[in-house]
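The following exchange concerns the terms applied to a structure and the values behind them. Each answer sets a value against its definition.

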Amino acid sequence: MAPAPGSGLRRKGAAGPGSLRQGLRRAWQEKHRVLLAPQYTALVAAWLCLAEVGVTHWVIHRVAYTEIDWKAYMDEVEGVVNGTFDYTQLKGDTGPLVYPAGFVYIFLGLYYITSRGTNIRLAQYLFGALYLVTLLLVFRIYSRTRKVPPYVFFFMCCASYRVHSIYILRLFNDPVAMAILFLAVNLFLEERWSWGCFFFSLAVSVKMNVLLFAPGLLFLLLWRFGLLGTIPKLSICALLQVVLGLPFLLENPIGYMTRSFDLGRQFLFKWTVNWRFLPEEVFQHRAFHLALLAAHLGALGLFALHRWHRSEGSLLSLLKDPAERKSPPQPLTANHILMLELAIEARARQPWPGREHLKAMGLRRPRCEHLRAPGLAALRKPRCPGGHLGAV
């Protein structure tokens, strides 16, 4: 018997509210699982972001702003406004400009938006908005693993004083670089490798410490595309750096390279957290720096040889086109991408302030079952003290 005219339309219209009511009823019935079941990630993340809007507004109005680097940033970009493109001549209250050109352009925009850097309250709101965007990007990264219980997200934002401090009470440039990096990671998870490399390079152009993720990205590119397929992706990264730095490279190329990518720059002992237990003279000694670098490179080499690549072929097989390899690689999953990127960064235990942002956001050494990837047995430590992802 044929259905009555319009009955299908009525059933379709009734299905929407009905399914919504059923979903809410199911969530209420399973309320004890809302904080534990990954399928409720979107619901918990939405509530946390709404809560963070209020928390951020309260912090801006109730907690005193502390001037550390903002005025120096504004002084540095003001030099560009005045026509100075020689990097060796750009400086602020805290010393010379030591960030790449992407930093200059982004903070030049903030310079104009905030009335030459004088409207601190507006800058705080802008960084508050950046913080919320970063939260969404990080929540999305974790939700893609389908392994992380939603309660973990609380420790990434609401329970962290330091992350609010770095964003809206200090106005550091680390949040800008990390937000762009998290966007790049999201693009990698979507198999948008060219755009991901573009934004990864853009993050590097804001602050050089993003290069700590470069070994992981290189390994993923070789795994996914082989050597010939990787070259165009790396070319995107290199070309963007040249384009952004061109006005400064034309003026003083050596000055720009040595200032913006100064690998020998000394880190002040008063800012370290991880190495606070050391005497200052040991921390500042060049031999200690070289030992850290050697340990980092050695760890990368060992894991590349014995853990990350566990097929029948040698590590050199990564240079071949994936279709020509003796054992075709398994498709990259979200867990593969996150595990390699974050594990490699976590091994670079150089003391820099931006790492504290990663810790506060929950991106510490990824050693929990939640972010376990096949073939990375050395990183599989089934413990997560206090429920905090990757607590150390």
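Angles between axes under 35 degrees count as roughly parallel, over 145 as roughly antiparallel, 65 to 115 as roughly perpendicular and the rest as oblique. The axes are lines fitted to C-alpha atoms, for helices over the stretch in contact, and the angles run from 0 to 180 degrees between N-to-C directions. The model is predicted: local features need pLDDT of at least 70 and side-chain atom pairs count only at pLDDT 80 or more, while totals for chains, interfaces and linings use all residues. Residues are numbered from 1 along each chain as its sequence is written, and side-chain values use heavy atoms, with hydrogens and water left out.

Q: Why are helix 9 and helix 10 called oblique to each other?
A: Helix 9 and helix 10 (residues 214–251) pack at an angle of about 50°, with their axes 8 Å apart. That angle belongs to none of the parallel, antiparallel or perpendicular ranges, and helix 9 and helix 10 are therefore oblique. Helices here (H or I, at least four residues) and strands (E, at least two) are DSSP runs, numbered from the N terminus.

Q: What handedness does the crossing of helix 9 and helix 10 have?
A: Helix 9 passes helix 10 in a right-handed crossing. A crossing is left-handed if the near helix is turned anticlockwise from the far one by less than a right angle, and right-handed if clockwise.

Q: Which residues of helix 9 meet helix 10?
A: Contact means heavy atoms within 4.5 Å. On the side of helix 9 the residues are W193, S194, C197, F198, F200, S201, L202 and V204; their partners in helix 10 include A214, L217, R224, K233, C237, L240 and Q241. The residues of this contact divide into 15 nonpolar, three polar and two charged. In that count Ala, Val, Leu, Ile, Met, Phe, Trp, Tyr, Cys and Pro are nonpolar, Asp, Glu, Lys and Arg are charged, and the others, Gly among them, are polar.

Q: What makes S201 count as buried?
A: Buried means under 20% relative accessible area, exposed over 50%, and partly exposed in between (1.4 Å probe, protein chains only). S201 has a relative accessibility of 2% and therefore counts as buried. This residue is found in helix 9 and, not counting residues up to four places away in sequence, touches C237, L240 and Q241.

Q: Why are helix 4 and helix 5 also described as oblique?
A: Helix 4 (residues 101–113) and helix 5 (residues 120–145) pack at an angle of about 135°, with their axes 10 Å apart. Helix 4 and helix 5 are therefore oblique to each other, and their crossing is right-handed. In helix 4, F107, L110 and I113 meet L122, L126 and F127 of helix 5. The residues of that contact divide into six nonpolar, no polar and no charged.

Q: What makes helix 10 oblique to helix 11?
A: The axes of helix 10 and helix 11 (residues 253–260) come within 5 Å and cross at roughly 125°. That crossing angle makes helix 10 oblique to helix 11. G245, F248, L249 and E251 of helix 10 form the contact with P253, Y256 and M257 of helix 11, and these residues divide into five nonpolar, one polar and one charged.

Q: Why does E190 count as partly exposed?
A: E190 has 37% relative accessibility and therefore counts as partly exposed. E190 is found in the loop between helix 8 and helix 9. Leaving aside neighbours within four places in sequence, E190 is in contact with R140 and R144. E190 and A334 are 144 residues apart in sequence and 8.9 Å apart in space, C-alpha to C-alpha.

Q: What is notable about the phi of L171 and of E191?
A: Most residues other than glycine have a negative phi. The phi of L171 is near 60°, a positive value, and E191 has a positive phi of about 65°. L171 is buried, with a relative accessible area of 0%, whereas E191 counts as partly exposed at 35%. L171 is found in the loop between helix 7 (161–169) and helix 8 (174–189), and E191 lies in the loop between helix 8 and helix 9 (193–204).
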